[in-house]
Number of protein chains: 2
Amino acid sequence: MSQVLKDIWRIEPVSRIELVDETKLTSGTITNLTLDLLKAGLLKETELTTGSVGRRRVMLRLNEMSFKIIGIDIGRSSYEVVTTNLIGQILDSQEVLIDRDTDPLQVLEGVAAIVRKSMSQISEQNDKLLGIGLSIPGPMNLKEGVLLVPPNFPHWEHFEIRKELESRLGRRIVMNDDARTSALAERWFGHSRKLKEDSFVYITMGHGIGGGVVSNGEIILGNNGLYGQVGHITVVPGGELCECGNRGCWETVGSIPGILRRWNPENKNSTIEDFFKAVQAKDPSAERCLEWTLQMMESTLTTLFNVYDPALIIIGGKLYPYLESYVPRIRHHVQASVYPSARSHVIIESASFGTSQSAVGAASLVFGELVERPLDVLDEVNMANE
Amino acid sequence: MSQVLKDIWRIEPVSRIELVDETKLTSGTITNLTLDLLKAGLLKETELTTGSVGRRRVMLRLNEMSFKIIGIDIGRSSYEVVTTNLIGQILDSQEVLIDRDTDPLQVLEGVAAIVRKSMSQISEQNDKLLGIGLSIPGPMNLKEGVLLVPPNFPHWEHFEIRKELESRLGRRIVMNDDARTSALAERWFGHSRKLKEDSFVYITMGHGIGGGVVSNGEIILGNNGLYGQVGHITVVPGGELCECGNRGCWETVGSIPGILRRWNPENKNSTIEDFFKAVQAKDPSAERCLEWTLQMMESTLTTLFNVYDPALIIIGGKLYPYLESYVPRIRHHVQASVYPSARSHVIIESASFGTSQSAVGAASLVFGELVERPLDVLDEVNMANE
């Protein structure tokens, strides 16, 4: 059933005959499986009229409004709760600013209050909640649902986040780190699905630089859960000491604090808005600093094409909107630097969900589980909604 | 049968009871499958006496001498043909020096003559040839068996190497590029098997720097066949122009020509032996050049741990023997630079097969096919040996 649901997700709208072609299953099996999916409310049928004689075909689609998903993103400067439908459209979103010193338990109470309200709304509308996902800075022990020692995120070290949230909400929580959930937002709801490419690198550029690498549709974890730490590619050997312990990481020169430290080491209060205003005003030191930032970014993106050979690179994060207008130039330089045989494949896209990327990514974790294990997830939903 | 053969390869010597545990197959199925593998000559039984009462257990092992494999490596300065057994031990090896201007057809005639002699020897000893593998500089179109435009390898552009060799030898050839075959030598015959780790990065350092990344036992190819181009990680942004089109690649500073250009730009005839003699003689310019080379290597290895998060990194190639004595220092610096949670996992090993790495790797391609599709490969062997 997982394979059929995944095929429908990938190529909808699709007729049963096309599904037989696609899956190599018998038409009897397809009829039964799609009937089960229709009964579960995951699919809907629409009629399509084609050709001059008006032949009508019954097409299957995801029934995007049949279930709601709640995605929680807890970040260093805010938390956000979104409600989405089955195709990642945001139906409701609420963001609360916090600062680095806010107590985790206080954050959790705030999060839980919003989630409980969203859950009531969903059940008042006679809708079903498919599940709740959580996105939070890594690294973490995914199996135990416990944070490790996330950089720049004091008070949260070794915090048993999953247990704490599950006990407050009475539902199982599926979680991952914010770079990976952001990547999975693209996998299940964004560019990866639209372009039918299931191997890509997602980069989030903001106060830090993180990454998530999806290969053949799966997020790659690596041997210690550290695969894809693209912000910690050395770009200035022997350079500035990074929080990770290495020197000259891309994050030390390419993140918001990295840019500001280089532009104006004296003034610790300048913001990234100030910096880009200075660039617009053609301030020479800001222009030089930007030029270096872009060159480092081009170097690193070239490295990423050479080490991961992805179908595309998708970039998001708080810094990215300021850089977006430079993408044509960046793409041009990267194209000139990668292997000749890869030059026509240099695709750089902007993240699909703006400032809600991680929260939508948290919701996409739930959708991913549905596609991989539809029967288990639906059983759980029915139990929870009874 | 593939799964059982792979389990035996991985954990031999192994009893049938242990195989039932390992594979979750029934003991009847294991009895039948191992009987087939014994009949095919791939396994042998040995008796193991354990415990004080001298209980005897029948253990299964790979019958390493049952089949021979021929591995061909065609490089820029020599070609080599090895005959190995089923566990990658070299039984016979012959190397012929060539220069960059040697005509490909002349190389092929030389290769074919040696291979034919090896084939006769194998059949004179009533042994069976499992297959022939080929290793050659990439990039290549693996499906068509045609080289693309390998750097530093004139005359070989767009050469239909597989067709040319198959027509001369009358056997199917399985091929891959030299960095990947070298990695697969470790996968099937070397460290990866010994350490029971199936995710690692293999680096070959010589006139160029290449890489092969194995994840969950599979060599990763990427979207354009360019995954794992570790020599083309940017380490000096805006640095020297590399053959690949990028600037400041690790290859431009870390390869043999890169070191020699930096050490002694005037003298184009100095060799890497000269350089390391000068280092031993404490020549200050050589010592400075070596220090920079090692720092770039440490930076890049840190990057590799951060992007691929492998269980281990294995290094080989013509340059590596000169660097091997520095590995403790390199490991120490890399350990200090990777993520705290990965520090205890920084494992750097030397390649297992010295100067014959690529040729043994070519042979390992054949072994890999046997493990993945044992029935097909054995059918083909029986046809060819009839």
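**Notebook: the A/B interface and some backbone outliers**

I began with polar contacts between chain B and chain A and counted 33 residue pairs, both residues of each pair at pLDDT 80 or more. The model is a predicted one, and I kept that in view for every entry below.

Entry 1, interface make-up. I looked up which elements of chain B give two or more residues to the side that touches chain A, and found helix H11 (284–308) and helix H13 (327–337). H11(B) supplies the largest share of that side, at seven residues. I then sorted the residues of this side of chain B by type: 17 are nonpolar, 17 are polar and three are charged.

Entry 2, salt bridges. How many salt bridges are there between chain B and chain A? I got a count of zero. The polar contacts between the two chains, 33 residue pairs, are noted above.

Entry 3, extent of the contact. I counted 37 residues from chain A and 37 residues from chain B in the contact. The two chains bury about 3300 Å² between them, and carbon and sulfur atoms account for 49% of that area. Which three residues of chain B supply more of the area it buries against chain A than any other three? They are B:Val307, B:Asp309 and B:Tyr339, with 20% of the area on the chain B side. By its numbering, B:Val307 falls within helix H11 (284–308) of chain B.

Entry 4, cis peptide bonds in chain A. I went through omega next. The bond from A:Glu12 to A:Pro13 is cis, with omega near -5°. A:Pro13 sits in the loop that runs between helix H1 (2–11) and strand S1 (14–15) of chain A. A second cis bond joins A:Gly138 to A:Pro139, and its omega is about -5°. I placed A:Pro139 in the loop between strand S7 (128–136) and strand S8 (140–141) of chain A.

Entry 5, positive phi. I noted these angles because most residues other than glycine have a negative phi. A:His158 is not a glycine, yet its phi is positive, about 60°. I found A:His158 in the loop between strand S9 (146–147) and helix H5 (161–169) of chain A. In chain B, B:His158 also has a positive phi of about 60°. The loop that holds B:His158 lies between strand S9 (146–147) and helix H5 (161–169) of chain B.

Entry 6, accessibility. Is B:His158 buried or exposed? I recorded a relative accessible area of 53% for B:His158. Exposed means over 50%, so B:His158 is exposed.

Key
Residues numbered from 1 in each chain as written. Chains lettered and ligands numbered in written order. Predicted model: local features only at pLDDT ≥ 70, side-chain atom pairs only at ≥ 80, totals over all residues. Heavy atoms only, no water. Contact = heavy atoms within 4.5 Å. Buried area = accessible area lost by both parts, 1.4 Å probe. Salt bridge = Lys/Arg side-chain N within 4 Å of Asp/Glu carboxyl O. Polar contact = N/O pair within 3.5 Å; in protein donor to acceptor, adjacent residues only side chain to side chain. Helix = DSSP H or I, 4+ residues; strand = E, 2+ residues; numbered from the N terminus. Nonpolar A, V, L, I, M, F, W, Y, C, P; charged D, E, K, R; others polar. Buried < 20%, exposed > 50% of the residue type's maximum accessible area, 1.4 Å probe, protein only.
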